[in-house]
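Me: Could you give me a close look at one part of this protein and then show me how the rest fits around it? Plain bench talk is fine.

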Amino acid sequence: MTELVILPGLDGTATLHATFIAALGSAFDSVHVMRYPVDEMLDYAALERRVRDGFPTAKPFVLLGESFSGPLAISIAADPPANMVGLILSTTFAKAPIPLSGLLGPLASFAPVRSVPLSVMTWMLLGRWNSPELEEGLRHALKSVSPKVLQHRAGLTMRVDVSALLDKVKLPTLYLRAVDDRLLSSSAHRSIALEIEHCTVVDVTGPHLLLQAAAAECAEIVKRAAREHRWLR
């Protein structure tokens, strides 16, 4: 059967997806969330090399790139392993959009992301979907990573541009767009949808941390796409 590989958001801790994975049930043979180093300042190219080394070699797999990891997932999908059968993008971008640049730019330039008050982070990332459980999960994830690494990754999002690779992505692609995303502009998905030939955009009511705040709905959309594109084998 098919495996789902998740490339996580800015924290890279692989600790924020339990509810989403549970909601997927047995749709995939297994779900693996990649973990990024908590104390190494790696650029996108270095992360891609590490991620590719961790892919399943025998089973077919679908790659899901969330937020920070979207450009990484796009780059991989433009030159995919032979057993990669699909791409999912959640609340992400090919090129740093506004207002993300306006919000994260100062953080990347002057202060570690972890020094930003948690109330500001939850307002940006969760909005009215915030809950004690989600807030504690976010707090724990950010605390687990070196402040310098978080700052470095925020800086990477300001400079990344993989838009030239979009038309090289030939795999069926699902884009999950958060209707109430306060971090990305409403147009962040447009170039992706226009340039990737087989890309379906699904609007989901929720905040930037969509897989966490709207886990059940996102899981149902992913399972439906998996059936439609015959990702499940």
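Me: Start with the cysteine at position 199: is cysteine 199 buried or exposed?

Reply: Keep in mind that we're looking at a predicted model. Cysteine 199 is buried, with a relative accessible area of 16%. The cut-off for calling a residue buried is under 20%.

Is there a bond partner for that sulfur? Nope: cysteine 199 is in no disulfide, and the nearest cysteine sulfur, in cysteine 218, sits 15 Å away. Seen from the other end, cysteine 218 has its closest cysteine sulfur in cysteine 199, and 15 Å is too far for a bond because a disulfide needs the two sulfurs within 2.5 Å. Cysteine 218 is buried too, with a relative accessible area of 0%. The tally for the structure is zero disulfides.

Now for the strand at that spot. β6 covers residues 199-204 and stands at one edge of the sheet, while β2 (30-33) stands at the other. Each has a single partner strand, so one side of each is left without a neighbour in the sheet. The sheet itself is open and made of six strands, in the order β2-β1-β3-β4-β5-β6, with parallel pairing. On average, neighbouring strands in it are turned by 20° against each other, ignoring direction.

The partner of β6 is β5 (residues 173-178), and the two pair in the parallel sense over six bridges. If you want one to click on, leucine 174 has threonine 200 in β6 as its bridge partner. Helix α10 (residues 215-228) lies across β4, β5 and β6, running at about 160° to β5.

Further into the sheet, β4 is mostly covered, with seven of its seven residues buried. β4 pairs with β3 in the parallel sense, again over six bridges. Here glutamate 66 stands opposite serine 90 in β4.

That takes us to the greasy interior. The largest nonpolar core has 49 residues, and Leu7, Leu63 and Ile192 have the most contacts inside it. Quite a few elements supply at least two residues each, among them β1 (3-7), β3 (61-66), β4 (84-90) and the helices α2 (44-53) and α5 (118-125). The top contributor is α3, which gives six residues. Leucine 63 is a good place to park your view: leaving out residues up to four places away in sequence, it touches Val5, Leu7, Phe55, Ala73, Ile76, Met84, Gly86, Leu87 and Ile88. Apart from this core lies another one, of 28 residues, including Leu174, Leu176, Val204 and Ala226. Leu174, then, turns up both in that other core and as the bridge partner of threonine 200.

Valine 51, in helix α2, is worth a look as well. At 2% relative accessibility, valine 51 counts as buried. Setting aside neighbours within four places in sequence, valine 51 is in contact with Leu7, Met34, Tyr36, Leu72 and Ile76. Compare its position with leucine 210: the two are 159 residues apart in sequence, and their C-alpha atoms are 22 Å apart.

Last stop, the rings. There are three aromatic pairs in the whole structure. One of them joins tyrosine 44 and phenylalanine 68; it is stacked, at 5.0 Å centre to centre with 20° between the planes. Tyrosine 44 lies in helix α2 and phenylalanine 68 in the loop between β3 and α3, so this pair ties together parts that are 24 residues apart in sequence. Both rings belong to buried residues: tyrosine 44 has a relative accessible area of 12%, and phenylalanine 68 has 2%. Another pair, phenylalanine 55 with phenylalanine 61, is tilted, with 4.7 Å between centres and 35° between planes. Phenylalanine 55 counts as buried at 7% relative accessibility, and phenylalanine 61 is buried at 0%. Add Tyr36 to the stacked pair's residues and you get one aromatic cluster: Tyr36, Tyr44 and Phe68. Tyr36 also appeared above, among the contacts of valine 51.

Key. Residues are numbered from 1 along each chain as its sequence is written. This is a predicted model: local features need pLDDT of at least 70, side-chain atom pairs count only at pLDDT 80 or more; totals for chains, interfaces and linings use all residues. Side-chain values use heavy atoms; hydrogens and water are left out. A nonpolar core is a set of buried Ala, Val, Leu, Ile, Met, Phe, Trp, Tyr and Cys residues joined through side-chain atoms within 4.5 Å. Buried means under 20% relative accessible area, exposed over 50%, partly exposed in between (1.4 Å probe, protein chains only). Helices (H or I, at least four residues) and strands (E, at least two) are DSSP runs, numbered from the N terminus. Contact means heavy atoms within 4.5 Å. Rings of Phe, Tyr and Trp (its six-membered ring) pair if their centres lie within 6.5 Å; planes under 30 degrees apart count as stacked, over 60 as edge-to-face and the rest as tilted. Two strands pair if DSSP finds at least two bridges between them. Axes are lines fitted to C-alpha atoms, for helices over the stretch in contact, and angles run from 0 to 180 degrees between N-to-C directions.
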